[in-house]
Amino acid sequence: MKPRKTMTSLVRPIENFGAVVCAVFVAVNIAIIFASVFMRYVFHRPILGTTELVSLLMPYIAYFAIGYTDAINGHIQMSALCSKYKGRHKYISQIIIYGIALAVFAILFYVSGKNFIASVAKMEK
């Protein structure tokens, strides 16, 4: 047996397990958000800590999905938009999507840095 086949057969169950864990975390996130919104509008008392709990689960969702995404030779993008186009138009749409994503990340990086510098300046006083 080739080493690559052996490695794939060893890693594949781990990737599948990560995909299941990711799906469970997504379902838990949806349930927590739904319950909190329901409690807010019906009882006027949201569940405390919902934002923190959802924020803590997000990295786990992303990292557990990476292995499975790599195993199926997939990538994370707006496939609904990119699958409509073929050839040259597909590449142009991908460039536009990546450009928008880069702009959003640049804005977030700038604002985060500005807020960080402001908070450091407040602590020094």
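Me: A helix here is a DSSP run of H or I that is at least four residues long, and helices are numbered from the N terminus. In which helix is T50 found?

Reply: In this predicted model, T50 is found in helix α2. The chain has 4 helices and 0 strands, and from the N terminus on its elements run α-α-α-α.

Me: Why is T50 called buried?

Reply: Buried means a relative accessible area under 20%, and T50 has 11% relative accessibility, so T50 counts as buried. Within α2, T50 shares this label with V54, L57, I61, T69 and A71, while of the 125 residues of the whole chain 14% count as buried.

Me: What makes the pairing of the T50 and S36 side chains a polar contact?

Reply: A polar contact asks for a pair of N or O atoms within 3.5 Å, one able to donate a hydrogen and the other to accept it, and the side chains of T50 and S36 make such a contact at 3.4 Å. A polar atom of the T50 side chain also lies 2.8 Å from the backbone oxygen of I47. Once residues up to four places away in sequence are left out, T50 touches I32 and S36.

Me: How do you know that the length of α2 agrees with what its number of residues predicts?

Reply: The expected span is 1.5 Å times one less than the number of residues, so the 22 residues of α2 should span 32 Å, and the end C-alpha atoms are indeed 32 Å apart, which agrees. Along the way, α2 bends by about 25° at A65, and just after this helix N73 takes a positive phi of about 55°.

Me: What makes the phi of H44 worth pointing out?

Reply: Most residues other than glycine have a negative phi. H44 is not a glycine, and yet its phi is positive, at about 60°. H44 lies in the loop between α1 (3–43) and α2 (50–71).

Me: Why is H44 called exposed rather than buried?

Reply: Exposed means a relative accessible area over 50%, and H44 has 64% relative accessibility, so H44 counts as exposed.

Me: How do you know that the side chains of E15 and R12 meet in a salt bridge?

Reply: The rule asks for a side-chain nitrogen of Lys or Arg within 4 Å of a carboxyl oxygen of Asp or Glu, and the side chains of E15 and R12 meet at 3.4 Å, N to O, so by this definition the pair qualifies. The count by this rule comes to 1 salt bridge. Both residues lie in helix α1, 3 residues apart, which is about one turn of the helix.

Me: Why do E15 and R12 carry the labels they do, buried or exposed or in between?

Reply: E15 has 15% relative accessibility and therefore counts as buried, since the cut-off for buried is under 20%. R12 has a relative accessible area of 35% and is therefore partly exposed, a label that covers values between the buried and exposed cut-offs.

Me: Why is N29 called buried, and which residues is N29 in contact with?

Reply: At 5% relative accessibility, N29 is under the 20% cut-off and so counts as buried. N29 lies in helix α1, and, leaving aside neighbours within four places in sequence, N29 is in contact with V54, L57, M58 and I61. Of these partners, V54, L57 and I61 are buried residues of α2.

Terms used: Residues numbered from 1 in each chain as written. Predicted model: local features only at pLDDT ≥ 70, side-chain atom pairs only at ≥ 80, totals over all residues. Heavy atoms only, no water. Helix = DSSP H or I, 4+ residues; strand = E, 2+ residues; numbered from the N terminus. Buried < 20%, exposed > 50% of the residue type's maximum accessible area, 1.4 Å probe, protein only. Contact = heavy atoms within 4.5 Å. Bend = angle between axes of the 7 residues up to and from the residue.
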